[in-house]
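Me: I would like a close look at one part of this structure, starting from a single residue and working outwards. Please explain the terms as you go, since I spend more time at the bench than with models.

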Amino acid sequence: MDKEIKVEVIRKEPVKPSTPTPNHLRSYRFSLLDQILPVYHTPVVLFYSSSNPSTDEPHTIASQTSQLLRKSLSQTLTKFPQIAGRIRENLSVECNDEGADFIETRINIPLSKILKKPDPETIKLLIPKSNATKYEVATACMLAVQANFFECGGIAIGVCLSHKLADASTISTFINSWAETTSESGNEFEISQLDVLSLFPPHDSLASRPSPYEFVLEEPAVTRLVFYASRIAALKSKVAGAIVKNPTRVEAVIALIWKCAMEAKRSSSGRDHHCPSVMYEAVNIRKRLVPNLPEKSIGNLVWNYAVKIEPENEIELQGLVSLHRKAIGDFTESCEERLTWEATCRHTSEMNDFIKSGDIETYMSSSWCRFPFYEANFGWGKPLWVCTGSVPTKNFVFLIDTKDGDGIEAWLSLSAEEMTFVERNQELLAFASLNPSAI
């Protein structure tokens with residue numbers, strides 16, 4: 001009989017910057033994009049085979065590694081003073097060095113048990129319990145870390161970083177900077193603290209509102225789908241057409257998942273027709289602004305655009321890819337115009353209306369593909385596996401690279417009834433493996 005997983009908390013303590021933040025850096029003002037994004041702590045978990053391959057007693061190794069992680073985290077926070085601060089209304093972060101939460105745990109099973117059959121509910125145990133929007137905005141830690149030590153010597157580092165400060169690119173930059181500091185590799189991890197306020201000035205009317213997004217947190221059914229490189233090549237060949245001759249990996253995978261989700265919605269509702277549907281896709285704007293911004297620019301430099309399909313349109317993959325390509329092209333051409341105060345108000349209002357409407361199926365997607373999470377080496381090698389810790393809402397598609405960088409892992413959240421149809425969809429299963437081993 002399989003042993004039930006138990007998570008024993010060994011310590012929970014604040015980690016503060018190793019040196020005080022200078023007075024001229026004590027206030028970090030939000031940009032308009034920071035103000036708009038929801039109050040949510042984005043989770044990610046990085047799994048490593050061992051923090052120390054020696055024959056020392058596992059608990060001794062865990063204690064030593066935990067101490068090293070706390071010390072290096074303290075040093076890293078000096079480069080990111082806003083992450084060690086606290087929000088003051090929806091206008092700024094007071095960089096007061098209150099620090100980040102650090103939790104150390106012991107896990108009573110080997111790491112391989114989780115990796116061979118990943119379970120979203122089990123993985124939630126590896127991220128800080130005080131995650132997401134349960135924090136009071138005024139007193140919330142911007143960052144919470146949970147270092148989980150397995151009986152085999154393996155380790156999983158769960159990181160939750162506030163979306164009010166960080167998009168996926170910034171989370172990756174922070175984790176890699178922390179890893180470089182821990183490993184003492186001698187490589188100085190480059191970061192760019194830009195003056196984003198001049199690009200996207202904040203608006204005083206948002207001071208008393210955490211976010212204009214009506215972000216509904218739910219406990220949806222979640223499934224994990226892995227598209228290996230060979231299957232993605234076949235999928236790209238299938239979805240290529242006269243308009244989009246060479247679709248990207250993400251375009252192909254998103255189109256297939258969206259199509260299957262819409263079909264599941266129709267089947268579960270008993271309708272004989274499709275409703276209008278919209279997919280909001282997050283996009284990194286660093287390379288879409290003119291001039292381009294540095295790749296490791298810190299902050300929220302992300303927005304989303306809508307891909308819409310009407311009920312009279314036949315849902316076929318080539319058409320969905322074409323709609324996606326047109327939507328991202330239109331966004332890129334008018335990127336700066338879409339990020340003014342007036343334009344963002346219109347966009348978020350429309351999005352809220354769609355989400356609340358029972359007549360329009362609304363989906364969201366976020367791709368972390370090509371962000372270097374698998375490069376995070378704390379001194380004991382690169383991760384075996386990287387995943388999100390949870391999916392916060394229904395009708396959400398999260399994408400991340402497989403370890404080899406050529407495949408894509410997708411986490412999909414739907415209602416439980418709709419998920420049963422998706423997991424039996426033969427068109428989907430021709431290209432995706434349903435929750436295979438992560439090793």
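Reply: Let's start with T362, which sits in strand β12. Helices and strands here are DSSP runs numbered from the N terminus, a helix being H or I over at least four residues and a strand being E over at least two. The model is predicted: local features need pLDDT of at least 70 and side-chain atom pairs count only at pLDDT 80 or more, while totals for chains, interfaces and linings use all residues. Residues are numbered from 1 along each chain as its sequence is written, and side-chain values use heavy atoms, with hydrogens and water left out.

Is T362 buried or exposed? T362 counts as buried, at 10% relative accessibility (buried is under 20% relative accessible area, exposed over 50%, partly exposed in between, with a 1.4 Å probe and protein chains only). Apart from residues up to four places away in sequence, T362 touches V278, Y280, F354, I355 and N395 (contact means heavy atoms within 4.5 Å).

From β12 we can follow the chain onwards. F373 is in the loop between β12 (361-367) and β13 (385-387), and F373 is buried because its relative accessibility is 1%. Beyond its neighbours within four places in sequence, F373 contacts V44, L46, A168, I171, S172, I175, W368, P383 and V386. One of these partners, A168, is 205 residues away from F373 in sequence, with 9.6 Å between the two C-alpha atoms.

That brings us to a helix pair. Helix α5 (residues 168-183) and helix α2 (residues 58-77) have axes that come within 9 Å and cross at roughly 120 degrees. Axes are lines fitted to C-alpha atoms, for helices over the stretch in contact, and angles run from 0 to 180 degrees between N-to-C directions. The two helices, α2 and α5, are therefore oblique to each other (under 35 degrees counts as roughly parallel, over 145 as roughly antiparallel, 65 to 115 as roughly perpendicular and the rest as oblique). The crossing of α2 with α5 is right-handed: the near helix is turned clockwise from the far one by less than a right angle, whereas anticlockwise would be left-handed. On the α2 side the contact uses L68, L69, S72, L73, Q75, T76 and L77, and on the α5 side F174, S177, W178, T181 and T182. Sorted by class, this contact of α2 with α5 has 6 nonpolar, 6 polar and no charged residues (Ala, Val, Leu, Ile, Met, Phe, Trp, Tyr, Cys and Pro are nonpolar, Asp, Glu, Lys and Arg charged, and the others, Gly among them, polar).

Another pair to set beside it is α7 with α8. Helix α7 (residues 249-269) packs on helix α8 (residues 317-333) at about 120 degrees, with the axes 9 Å apart. That angle makes α7 oblique to α8, and α7 passes α8 in a right-handed crossing. Here E251, A255, L256, W258, K259 and M262 of α7 meet L317, L320, V321, H324 and R325 of α8. Their contact divides into 7 nonpolar, 1 polar and 3 charged residues.

Next comes the loop between β10 and β11, where N300 is placed. N300 is buried, with a relative accessible area of 2%. The side chains of N300 and D34 share a polar contact of 2.9 Å (a pair of N or O atoms within 3.5 Å; within protein, one must be able to donate a hydrogen and the other to accept it, and residues adjacent in sequence count only if both atoms are side-chain atoms). A polar atom of the N300 side chain also lies 3.3 Å from the backbone oxygen of K164. P291 is found in the loop between β10 (277-284) and β11 (302-309) too, and a cis peptide bond with omega of about -5 degrees joins V290 to P291.

Last, look at R224 in strand β9 (residues 221-227). R224 is buried, at 4% relative accessible area. Its side chain makes a polar contact of 3.0 Å with the side chain of E409, and the R224 side chain reaches the backbone oxygen of P436 at 2.5 Å. Among the further contacts of R224 are W385 and N435. N435 lies in the segment after β16 (433-434), and its phi is near 50 degrees, a positive value in a residue other than glycine.
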